[in-house]
Amino acid sequence: MKLLLVINPVSGDNDKEPLIKKIKDYLGSQNDLDIYKTNGKDDAERLRKYFQKKYDRVLVMGGDGTIKSVAETMGDNPLSMGIIPAGSANGLAHDLELPLSVDEAIPVALGSKTRKIDAICLNGQLGLHISDLGLNAELIKKYESSFFRGKLGYALNSIPTLFQSEGPYEFTIETKDITYTHSGIMLAFANSNKFGTGAVVNPEGKIDDGVFEILVFKKIDVIEIFKTLQNAENLSSDFVEIIPVKQARVRTEKPVDFQIDGEYCHTVSEVNAYIAPQKLEIAIAE
Ligand SMILES: Nc1ncnc2c1ncn2[C@@H]1O[C@H](COP(=O)(O)OP(=O)(O)OP(=O)(O)O)[C@@H](O)[C@H]1O
């Protein structure tokens, strides 16, 4: 097998060298492995050059942001992807029920069982997991500029963000059939059903059903947040409005912080979103 291993050296705040050694040991001598370590600057350009070569699979060792950027760089003829979860939250790996320990993840990432998943195209970028406008994107903006990485960084930044949020916002959502206006602290574009924290915010969401859900979170409600952590299926519509769609345009009166799969994307006042069915093939557990 000819493999490209893409590694984010800083994701999840953990040392990748022992993990790389485990992969090399597992592969032994009969496999052909190229390694690319991301730099966070011109990765797309550099990766595109790698993808001009022929590989059988790309392995990604990082978090959702690294998976997203590799998926975007592969273009219209993507390779199948094996994931070695090594980010802070690993939302996509949780959704696909991939093993989180590297020893278990390696055989799965190199295995023959795969699953095709949808992506959401958001203002020209790919979102594979959950992207949002508002409160969570404000938190990610603060986290990315903070000294602390990993889960501690999210935790340390979340309390001030909850009190300093600029919301609520007025979201105008135009679908093929109808236009809604909802006020909320955050609007999410969900391809899957839970955040990397495990909170099930989109109980009906499936990652390969050809639709995505727009979730408008109306207020912070401790009981409902607790229910999301218990995998409850009946979230109150006073807490979250769920709109399944294939395509939508969302507008806000003033620019609002926006994030895609945990990557902060500045402020926007319009997001054009549509589903790209069966966009990516990912190796999963037998
Ligand atoms: N060498 C590097 N130095 C700094 N940033 C990097 C580097 N390589 C990639 N990045 C950045 O890492 C981000 C993607 O991180 P990813 O989502 O994979 O991990 P993560 O789960 O967010 O982990 P963490 O929370 O520790 O960043 C992107 O913003 C990318 O630009």
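In which helix is the place of V70? In this predicted model, V70 belongs to helix α3, and the description below proceeds from that residue to the division of the chain and then to the strands that pair with β13.

V70 counts as buried because 28 C-beta neighbours lie inside 10 Å, where 20 or more are required for that class. Apart from neighbours within four places in sequence, the residues in contact with V70 are V6, L47, V58 and V60. Between the C-alpha atoms of V70 and S131 there is a separation of 17 Å, the two residues being 61 residues apart along the chain.

The chain is divided into two parts, domain 1 covering residues 2-112 and domain 2 covering residues 125-277. Contacts between them involve 17 residues of domain 1 and 20 residues of domain 2. On the side of domain 1 that touches domain 2, two elements each give two or more residues, namely α3 (64-73) and α4 (91-95). The largest share of this side is that of α3, which supplies six residues. By residue class, the same side of domain 1 consists of five nonpolar, seven polar and five charged residues.

An annotation is also available for this part of the chain. In an unreviewed entry, UniProt lists residues 1-126 under "domain: DAGKc". Within the model, residues 1-126 are 34% helix and 28% strand, and the C-alpha atoms at the two ends of the span lie 27 Å apart.

Strand pairing was examined next, with strand β13 (residues 247-260) as the point of reference. Strand β7 (residues 130-134) pairs with β13 in the antiparallel sense over two bridges. In β13, the residue that stands opposite L133 is F258. An antiparallel pairing also links β13 to strand β8 (residues 169-174), in this case over four bridges. Here I173 has V250 of β13 as its bridge partner.

The pairing of β13 with strand β14 (residues 263-283) is likewise antiparallel and comprises nine bridges. One of the residues concerned is V256, whose bridge partner in β14 is V268. Together β13 and β14 form a hairpin, with two residues between the strands. In the turn of this hairpin, D261 has a positive phi of about 50°. In a regular strand, side chains point alternately to one face of the sheet and to the other.

Notes
Residues are numbered from 1 along each chain as its sequence is written. This is a predicted model: local features need pLDDT of at least 70, side-chain atom pairs count only at pLDDT 80 or more; totals for chains, interfaces and linings use all residues. Domain bounds come from an automatic or database domain assignment. Two residues are in contact if their C-beta atoms, placed from the backbone, lie within 7 Å. Ala, Val, Leu, Ile, Met, Phe, Trp, Tyr, Cys and Pro count as nonpolar, Asp, Glu, Lys and Arg as charged, and the others, Gly among them, as polar. UniProt positions are given in the numbering used here, feature names are shortened, and annotations may be inferred rather than shown by experiment. A residue is buried if 20 or more other C-beta atoms lie within 10 Å of its own, exposed if 12 or fewer, and partly exposed in between; C-beta atoms are placed from the backbone. Two strands pair if DSSP finds at least two bridges between them.
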